[in-house]
Amino acid sequence: MEEKDRLRLKKLFEEYLEESLIQITFGNPVDREKTSKARVRPFLQGKNLQFQLERFVGPQAFHRNMSREEGADSLPILLEEEFRQCQIQSERGWAQVLVSRKGTVTIKEKKAPAKLASPGKPSGRLLSHNRKKHYVLEEGVPVPFLVDLGVMTPEGRVVNARYDKFRQINRFLEFIEDVLPQLSKDRENTIIDFGCGKSYLTFAMYYYLKVLKGYSVKIVGLDLKEEVIRHCSQLAEKYGYDSLTFLCGDIASYQGVSQVDMVVTLHACDTATDYALAKAVEWKASVILSVPCCQHEWNKQMKNQLMEPVLKYGLLKERIAALYTDGIRAELLEHAGYRTQILEFIDMEHTPKNILIRGVRQGGKRDNEEEIRRILEFWQVNPVLARILLDHEPS
């Protein structure tokens, strides 16, 4: 690293090391066995503002308290010797630092407007424990991909028309937070997002796991729309997300990896969800997160003379089909060795498609095939996922 870049970094840290700092996160370690991740947060020691550096070496965390001056001198050394990426979050704005293997330093920065960023009068929002609402991604803190995707303004304010999307993203990250113990800290975790679409949640997942939490991840977003994949690929390159890849492809035929740790499928239509779940089981993925959509298969097949007085009402038939589809999906995952839950994704008032199926692989398979087949016989249906997992039909 050249001396001019060291001075640039020192000046950058001097600017952000103040009370309005939320967090500095270091990622993309040079040698994960030595230091896997690090972060800096402000705190008040009496009336004195201090900054705590937390470094993770193997399973241990080491802490060091620093003054503003000490931090401005020490933090550039981390980017020169131990990490290649740094994300700064502050009420005054955000900054991202990328360091190439050759030592070239790139700084991307977005300042909050003057009325929100008052250098002499920081609010110290995160030094207080009286928060109205905790979000994994804080409102008021600019996140680059959320700005580009139209969810946030450059100042970090959530666009009114996209507030439901902001809540949805945070709710999804809460589910990711719950399954962190299932992901490895000692190796790269492979995650596949089937039917990624515009990839709001794919980018959020990468940002949370890689940038904020320091996990080594390789995330592949898969979708059939070439234009969407091209746009998402451009954004990933723009942010320096070198372990995030977007590909055009079909869920049922995808063979790009041999081992997967987590499979995500959000609003994959009809049987696309089933093929994604089957792939996850085939890979023995540790975690499955699936928000189903458009359960047409059961609706077309199901019939039962006893239930005909109810099924003749199209709306009721559609809802019954959707509930049984997801219930049987959960039971089939239990049969395949997953501890499965059906959870509310977001409030019903925002969308009726609010069910999330979460499966965590536990090894022991549940002996429930007979019960599943009785239900399928009752409704006279033969769904794709049952054919694959029970009858071993090729996926």
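Here are a few worked exercises on the structure above.

This is a predicted model, where local features need pLDDT of at least 70, side-chain atom pairs count only at pLDDT 80 or more, and totals for chains, interfaces and linings use all residues. Residues are numbered from 1 along each chain as its sequence is written, and side-chain values use heavy atoms, with hydrogens and water left out.

**Exercise 1: the sheet**

Work out the strand order of the open seven-stranded sheet and find what packs on it.

Step 1. Helices (H or I, at least four residues) and strands (E, at least two) are DSSP runs, numbered from the N terminus. Two strands pair if DSSP finds at least two bridges between them.

Step 2. Reading across, the order is 4-3-2-1-5-6-7, and the pairing is antiparallel. Strand 4 (60–66) and strand 7 (105–111) are the edges, each pairing on one side only.

Step 3. Check the twist: neighbouring strands are turned by 15 degrees against each other on average, direction ignored. For axes, take lines fitted to C-alpha atoms, for helices over the stretch in contact; angles run from 0 to 180 degrees between N-to-C directions.

Step 4. Zoom in on one pair. Strand 1 (residues 21–29) and strand 2 (residues 37–45) share three bridges, and Phe26 has Ala38 in strand 2 as its bridge partner.

Step 5. Now add helix 1 (residues 3–16), which packs on the sheet and touches strand 1, strand 5 (83–90), strand 6 (93–99) and strand 7. Contact means heavy atoms within 4.5 Å. The direction of helix 1 makes about 25 degrees with that of strand 7.

**Exercise 2: the cores and helix 4**

Find the residues that touch the most other members of the largest nonpolar core, then see what helix 4 packs against.

Step 1. Buried means under 20% relative accessible area, exposed over 50%, partly exposed in between (1.4 Å probe, protein chains only). A nonpolar core is a set of buried Ala, Val, Leu, Ile, Met, Phe, Trp, Tyr and Cys residues joined through side-chain atoms within 4.5 Å.

Step 2. The largest core has 54 residues, and Phe145, Phe172, Phe203, Leu209 and Tyr241 touch the most other members. Helix 5 (residues 200–212) gives this core its largest share, eleven residues.

Step 3. Apart from this core lies another, of 39 residues, including Ile192 and Leu277.

Step 4. On to helix 4 (residues 163–178), whose buried residues include Phe166, Gln168, Asn170 and Phe172. The buried residues of helix 4 pack against partners including helix 3 (144–148), helix 5 and strand 11 (262–269).

**Exercise 3: salt bridges**

Compare where the partners sit in the pairs Asp73–Lys10, Glu82–Arg55 and Glu369–Arg373.

Step 1. A salt bridge is a side-chain nitrogen of Lys or Arg within 4 Å of a carboxyl oxygen of Asp or Glu. The whole structure has 19 of them.

Step 2. In the Asp73–Lys10 pair, the closest N and O atoms are 3.1 Å apart. Asp73 lies in helix 2 (residues 68–81) and Lys10 in helix 1, so the pair ties together parts that are 63 residues apart in sequence.

Step 3. For Glu82 and Arg55, the closest N and O atoms are 2.8 Å apart. Glu82 is in the loop between helix 2 and strand 5, while Arg55 is in strand 3 (residues 48–57). Glu82 counts as buried at 19% relative accessibility, and Arg55 is partly exposed at 22%.

Step 4. Glu369 and Arg373 meet at 2.9 Å, N to O. They are four residues apart in helix 11 (residues 369–379), so about one helical turn separates them.
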